[in-house]
Amino acid sequence: MTNRESNPEPTNPLGIDGIEFIEYATSQPQALGSVLQSMGFVPVARHRSREVMLYRQGPMNLIVNAHPDALPGMRAPTATPELKAIALRVRDAGFAWRRSLDLGAWEMPTRASAMELNIPGIHGAGDSLFYFVDRYEDFSIYDVDFVPLPGTAQRPPAIAGMHYFGVVQAILEERTHDWLDFYGSLFGFSVLPQGKKYGVLPKGTLLESPCHKFYLQLIEPPPGAEDIQWDEALVRVGLGAPDVKAATKALAERGVVFIDRGSVQPSEKGALTQVYLGGVTFELVKSQLQP
Amino acid sequence: MNLENFGMDTITLAGPLEARLRAARAAGFTQIMLSARDLVEHPGGEAAAVAAVRESGLRVTGFQVLRDFEGLSGHLHAYKLDIAKAMLGLCHDLGSKLLLACSSSSAHAGGDPALLARDLSKLATLAVPLGVRVAYEALSWGKHVNEFTQAWDVVMRADRANLGLALDSFHMLATKTALDELDLVDPEKIFLVQLADFMWQELPSREERINTARHFRVFPGEGVHGEEVAELVRRLDRMGYRGDYSFEVFNDDYTQLPAPIAAGRARQAVKWLTDRVSRRSLPVRKDRPWAQRSG
C-alpha cells in the first residue's frame, strides 16, 4: 500500500480543458440532424462502423448516435433525442478515468471495435455518460473512427461566434448538494456564488469548470411540479454568443423558433428555443468565453 | 410525533415478505426497513420482491446493510467495492433512498479516521447517481468505530451531502456513550434512528454485544433501558431531528411467532414512546368525550 499525504488537490486535477464533444442518442437521426442544421451545425463525418454522425460548428463538435446499442450498458435510443454524453478534454484520459474510479465513479463498459479508439468514460446523471478525451490538439479522435463526408468543409464556421457554454442537468428535489459534491470531488467544479447568473433562465445552481471554459447548471423541479415527470438527466445544451441578439436574429432567419412569451423572451442576456422533436431545446447565453 | 414517524424492520418479522409487509401495514405502520435478504431470498426473485414492496403501499425507510466497507486496502477494498456497488444497485431498484452502512468489525480494517473518511466519501460518490443517501452507523463491536461520536467524526471529515449518521439506541446503550455528546451532532446529518432495547443491565464484552444484538433485542418499553431510549427520542426531537425512527429489533422469539404478534408489540412500543415524548405533531382531537359531555 502506498502512503498518502493529505496535501490539497490541484484546482484542476484532471487538467480539464473544455468540452470535446456533446452526444445525442436518437433512433431518428435525420430529424435531429435537420434541427441541428438549422442551429448552424454541419454534418462533416460518419463513423466507420456505427450509425453515428459528427456535426461541427466553429469550435463545437456534436455527435448524433443512432446505433441500436448507442451507449454501452444503456437502452436503445428512442425517437425523442436524448442528450447522452459530454466528452471532456483532459490532460491524460487514462489518468482521469482511473482517478474518477478511485474516487467513486461508476465505470462505463468499453465499446470500441477493432482498430477503434477506446474512449474511457464514467456514468453521470440518469443514463448519461462523461467521456475523457486527451487527443484534441495535434491529432483528433475523429481521425481514427470517422470518415469525412466527401466534398464537405471539415471546419464550418460558427454562426455569430457561438460556442459551447454549458449543459443543463435536471436533478430531483433537494439533490443540489449531492451533485455539487459529485462534480466538485471528481472534476474540480466549483459553484458560482448565488446571484451570479447567465442567460434568461435565472434558476438553478451554476457550476464552473476548473478550466473556466464551460458550466453545468443544476435544476431542481420548480415548486408545484409534483405532477410533472421529472427525472435526473442532461436536458439542454447552452450555447454562448458574444452578441445574443445577433445570434438570435441569424438563427431565426434559418427557421429557429424562440420562445417569445413570459420570462424567457429573447434579450441581450439570452434566449430559449422552442422544444423540438419532443425534447430538444437550446439556450443562448451572452458569453465571451474563448473555447 | 406520531405513528407516521415510526417504522418496522422486516428482520423482526417471520414469514414470507408479503406476510411481513401485510402485518406491518395492518398494525398501522406506513414505512418499513428492508434487508438485502428480503430481495434475494424471495422465491420470485428480486423483481417480485420489489413489486411486493411497491404493492404494499409502505414507504421504504432504508435498505440494509453494507458491512465492513471502510478501512480496507488492496484486493480486500476492491472486493468490498464490488459488494457495495451491488448493494447500491439493489437499494436503487427497491426505490430506497437510504443505504445503511455499519462500521467495520474486520480485523483487516485500518482505523485512521482520514482513511475511513476517504472510503466513505467514495461510497457517497457512488451513491449520488443512484439518488441514494448513506447512513453510517457505529456498531458497538466495531473495530475502530464503535461509538456514534467516532462515526460522527468520520462523517464530518468525509463532508459529503449524501453521507450522514445512523444512530442505534442498542449500540449507544451497550457502549454507554453519554447522550450529551449528541449536542455536537448536526440533526440534519442524522439520516436514520434505529430503536431497540434489551433485557440486561450491561453488555461489557464484544461477544455479549454481538449475541444480544443479533438474537435478543426487544422493543422500547420491553427492556430495562426504557427511560434512556425515551430520553434519546426526546433529545433528538428537541434537537430538531425530523427523520424516521425504525425499530431494529432482532429477536429469536419474535421470528418464530406469527408476524402480526410482533407487529402488535411494535405498535405498543410506538404508544409507549409517544406517551413519554411530546405529542408535537398530534392533531387536536375534536371527539373528546369530556368535551361532548360538557357541551
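## Around α9(B) and beyond

Biologist: Which elements are included in what covers the buried residues of α9(B)?
Modeller: Helices (H or I, at least four residues) and strands (E, at least two) are DSSP runs, numbered from the N terminus, and contact means C-beta atoms, placed from the backbone, within 7 Å. The cover in chain B includes α7 (169-175), β7 (190-195), β8 (197-198), β10 (245-247) and α10 (259-276).

Biologist: How should I read the model and its labels?
Modeller: This is a predicted model: local features need pLDDT of at least 70 and side-chain atom pairs pLDDT 80 or more, while totals for chains, interfaces and linings use all residues. Residues are numbered from 1 along each chain as its sequence is written, and chains are lettered from A and ligands numbered from 1 in the order in which they are written.

Biologist: Where do the buried residues of α9(B) lie around the helix axis?
Modeller: V229(B), A230(B), L232(B), V233(B) and L236(B) are buried (20 or more other C-beta atoms within 10 Å of their own). Seen down the axis, they fall within an arc of 155 degrees (from the directions of their C-beta atoms). The buried residues therefore line one face of the helix.

Biologist: How far apart are the end C-alpha atoms of α9(B)?
Modeller: Helix α9(B) covers residues 226-239, which is 14 residues. At 1.5 Å a residue (times one less than the number of residues), the expected span is 20 Å, and this agrees with the end C-alpha distance of 20 Å.

Biologist: Which helix gives the largest share of the largest nonpolar core?
Modeller: A nonpolar core joins buried Ala, Val, Leu, Ile, Met, Phe, Trp, Tyr and Cys residues through C-beta atoms within 7 Å. The largest one has 172 residues, and L88(A) and L165(B) are among those with the most contacts inside it. Its largest share, eight residues, comes from chain B, residues 113-127, helix α5.

Biologist: Which element of chain B gives the largest share of the side that touches chain A?
Modeller: In this contact, 14 residues of chain B meet 18 residues of chain A. The largest share of the chain B side, six residues, comes from α5(B).

Biologist: Which element gives the largest share of the side of domain 1 of chain A that touches domain 2?
Modeller: An automatic or database assignment gives domain 1 (19-148) and domain 2 (159-286) in chain A, with centres 20 Å apart over C-alpha atoms. Their contact takes 24 residues from domain 1 and 26 residues from domain 2. On the domain 1 side, the largest share, four residues, comes from α1(A).

Key: A residue is buried if 20 or more other C-beta atoms lie within 10 Å of its own, exposed if 12 or fewer, and partly exposed in between; C-beta atoms are placed from the backbone. Two residues are in contact if their C-beta atoms, placed from the backbone, lie within 7 Å.
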